[in-house]
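Open the structure in your viewer and keep the selection tool at hand. This tour goes stop by stop, with something to select at each one.

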Amino acid sequence: MKISKQDIIKALETITVAGEGKNMVESSALVNVVTFADEVIVDLKLSTPALHIKKRAEADVIKVIQEKVNADAKVQVNIKVEAPEKPQGANANANLIKGKPIPGIQNIVAVASGKGGVGKSTVTANLAVTLSKMGFKVGILDADIYGPSIPIMFDVAMEKPLSITVDGKSKMKPIENYGVKILSIGFFTQPDQAVIWRGPMASKALNQLIFDAAWGELDFMLIDLPPGTGDIHLSIMQSLPITGAVVVSTPQTVALADARKGVAMFKQENIDVPVLGIIENMSYFTPEELPENKYYIFGKEGAKNLAEDLEVPFLGELPLVQSIREAGDAGRPAALQTASLLEEAFESITRNVVEQTVRRNESLPPTEAIKITTMAGCSAVKK
Ligand SMILES: Nc1ncnc2c1ncn2[C@@H]1O[C@H](COP(=O)(O)OP(=O)(O)OP(=O)(O)O)[C@@H](O)[C@H]1O
Ligand SMILES: [Mg+2]
């Protein structure tokens, strides 16, 4: 029995690649097909390293070949992960910060809000553990110089990063918990000490946390930003090539006004960080014992409407539930509660973030660190 290569290709055309909306053959995920008697070897090239996407691709290939071509076919699937090709000339700038590369860090995603207390840190922590569960290598840089809360949310507030030697240089070793590597300004300041930060000082400290640290290979570095759209944000964006930003808002009018400013800040001509989308937090209150009861205490679908209005993707909504707050305070993000509604909600939002990141990388060149020489030139945030 000889299996025809043409039949295999026809069968593979029925598989859609996650996040691309094209079939496996059109999207050039299919690299090669080799057939010998009843054996088929399929080589694939995927743009995302997520384990579940690799596993799904492999299972789909085996299934369609056995269903559509030959039930007894012995199928071997080889998958190579390759970052999407960058537009010409853009590669030279990839992962370069003022001439300094960040070896191994693929995507830097900033989590911002405008208004304080809307759940940036909660969202960052839960996105990170969910990405890690999906098979990505993840780090969090807690850049909230006013109130670093990531160490508490990961139950590592008492830890102090050790210094290790990498290639003859001494580097800070991020603290790790739940599969997430963490560095925070909070590891180096006293909780009761008021530190008055200015933009350049903050960006110097953050640069050290990035460049003088042994992050290793990361698919995603999430940056938990402080609230607001001020000086500190500009300094951070000045010195880092941020792949994209996620804006968190509650549905409340005052939060939405600030989220709008947040989006406007990233879109400003001299910053130009792509906005991956908006996440609505505290969309409605729901008591744990009566999950069908939803109380829209901050208004309904405000952030969803804002996303439509600003023409940025809406990444999903999260309810206001006591266990999210408790999980944060207890140092174990809620998304780690297996088979829970919250795990599902965070998975759906995380999938959307990954999808938007892959799309962004396919359609745009890497973000360059901007070079603002005077703060006066960038103080106005256009509405
Ligand atoms: N969906 C939610 N349900 C219940 N509590 C929540 C939810 N989201 C956040 N919280 C709680 O609200 C408080 C503020 O959240 P968080 O610290 O994540 O906000 P933030 O935007 O990072 O704040 P800041 O601007 O101070 O950095 C925390 O106590 C957190 O546990
Ligand atoms: Mg915070």
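Select Ser340 and Gln337. The side chain of Ser340 reaches the backbone oxygen of Gln337 at 2.7 Å. Ser340 sits in the loop between H9 and H10. Is Ser340 buried or exposed? Its relative accessibility is 17%, so Ser340 counts as buried. A word of care before moving on: this is a predicted model.

**The ligand**

Now select ligand 1 and show what surrounds it. The shell holds 17 residues. Gly117, Lys120, Ser121, Thr122 and Pro319 are the closest. Colour the shell by residue type. You should find eight nonpolar residues, six polar ones and three charged ones.

Zoom in on Thr122. One of its polar side-chain atoms lies 2.5 Å from an oxygen atom of ligand 1. Next, show the backbone of Gly117. A polar backbone atom there is 2.9 Å from an oxygen atom of ligand 1. Step along to Val118. Here a polar backbone atom is 3.2 Å from an oxygen atom of the ligand. How much of ligand 1 does the protein cover? On its own, ligand 1 has 630 Å² of accessible area, and the protein covers 80% of that.

Switch to a cartoon view for the helices around the ligand. Helix H3, residues 120–133, and helix H9, residues 322–330, each supply at least two residues of the shell. Which element gives the most to the shell? H3 does, with three residues.

**The nonpolar core**

Select Leu12, Met24, Val61, Ile65, Phe154 and Phe266. They belong to the largest nonpolar core, which has 112 residues, and these six touch the most other members. Add helix H10, residues 341–363, to the view. H10 gives the most to this core, with seven residues. Then colour by domain: domain 1 covers 5–81 and domain 2 covers 94–382. The core draws at least three residues from each of them.

**The loop between E14 and H8**

Find strand E14 (275–280) and helix H8 (302–310), then select Met282 in the loop between them. Check its backbone angle. Phi of Met282 is near 55°, a positive value in a residue other than glycine. Why pause on that sign? Most residues other than glycine have a negative phi. Met282 has a relative accessibility of 17%, so this residue counts as buried.

Move to Ser283. It lies in the loop between E14 and H8 as well. With a relative accessible area of 1%, Ser283 is buried. Show the side chain of Glu280 too. The side chains of Ser283 and Glu280 make a polar contact at 2.7 Å.

Now select Glu301, in the loop between E14 and H8. Phi of Glu301 is near 55°, again a positive value in a residue other than glycine. Is Glu301 buried or partly exposed? Its relative accessible area is 33%, so Glu301 is partly exposed.

**Three pairs to pick out**

Begin with Thr14. Look for it in the loop between helix H1 (5–12) and strand E1 (30–36). Thr14 is partly exposed, at a relative accessible area of 45%. Add Met24, which you selected in the core. Thr14 and Met24 are 10 residues apart along the chain, and their C-alpha atoms are separated by 7.7 Å.

Go on to Lys173. Its loop runs between strand E9 (169–172) and strand E10 (175–177). Lys173 counts as partly exposed, with a relative accessibility of 42%. Select Leu162 alongside it. The two residues are 11 apart in sequence and 5.5 Å apart in space, C-alpha to C-alpha.

Finish at Pro200. This residue is found in helix H5, residues 199–211. Is Pro200 buried or exposed? Pro200 is exposed, with a relative accessible area of 60%. Select Gln238 for the last distance. Pro200 and Gln238 are 38 residues apart in sequence, and 9.9 Å lies between their C-alpha atoms.

How values were computed:
Residues are numbered from 1 along each chain as its sequence is written. Chains are lettered from A and ligands numbered from 1 in the order in which they are written. This is a predicted model: local features need pLDDT of at least 70, side-chain atom pairs count only at pLDDT 80 or more; totals for chains, interfaces and linings use all residues. Side-chain values use heavy atoms; hydrogens and water are left out. A residue is near a molecule or strand if one of its heavy atoms lies within 4 Å of it. A polar contact is a pair of N or O atoms within 3.5 Å; within protein, one must be able to donate a hydrogen and the other to accept it, and residues adjacent in sequence count only if both atoms are side-chain atoms. Accessible areas come from the Shrake-Rupley method with a 1.4 Å probe; for residues, only the protein chains shown count as cover. Helices (H or I, at least four residues) and strands (E, at least two) are DSSP runs, numbered from the N terminus. Ala, Val, Leu, Ile, Met, Phe, Trp, Tyr, Cys and Pro count as nonpolar, Asp, Glu, Lys and Arg as charged, and the others, Gly among them, as polar. A nonpolar core is a set of buried Ala, Val, Leu, Ile, Met, Phe, Trp, Tyr and Cys residues joined through side-chain atoms within 4.5 Å. Buried means under 20% relative accessible area, exposed over 50%, partly exposed in between (1.4 Å probe, protein chains only). Domain bounds come from an automatic or database domain assignment.
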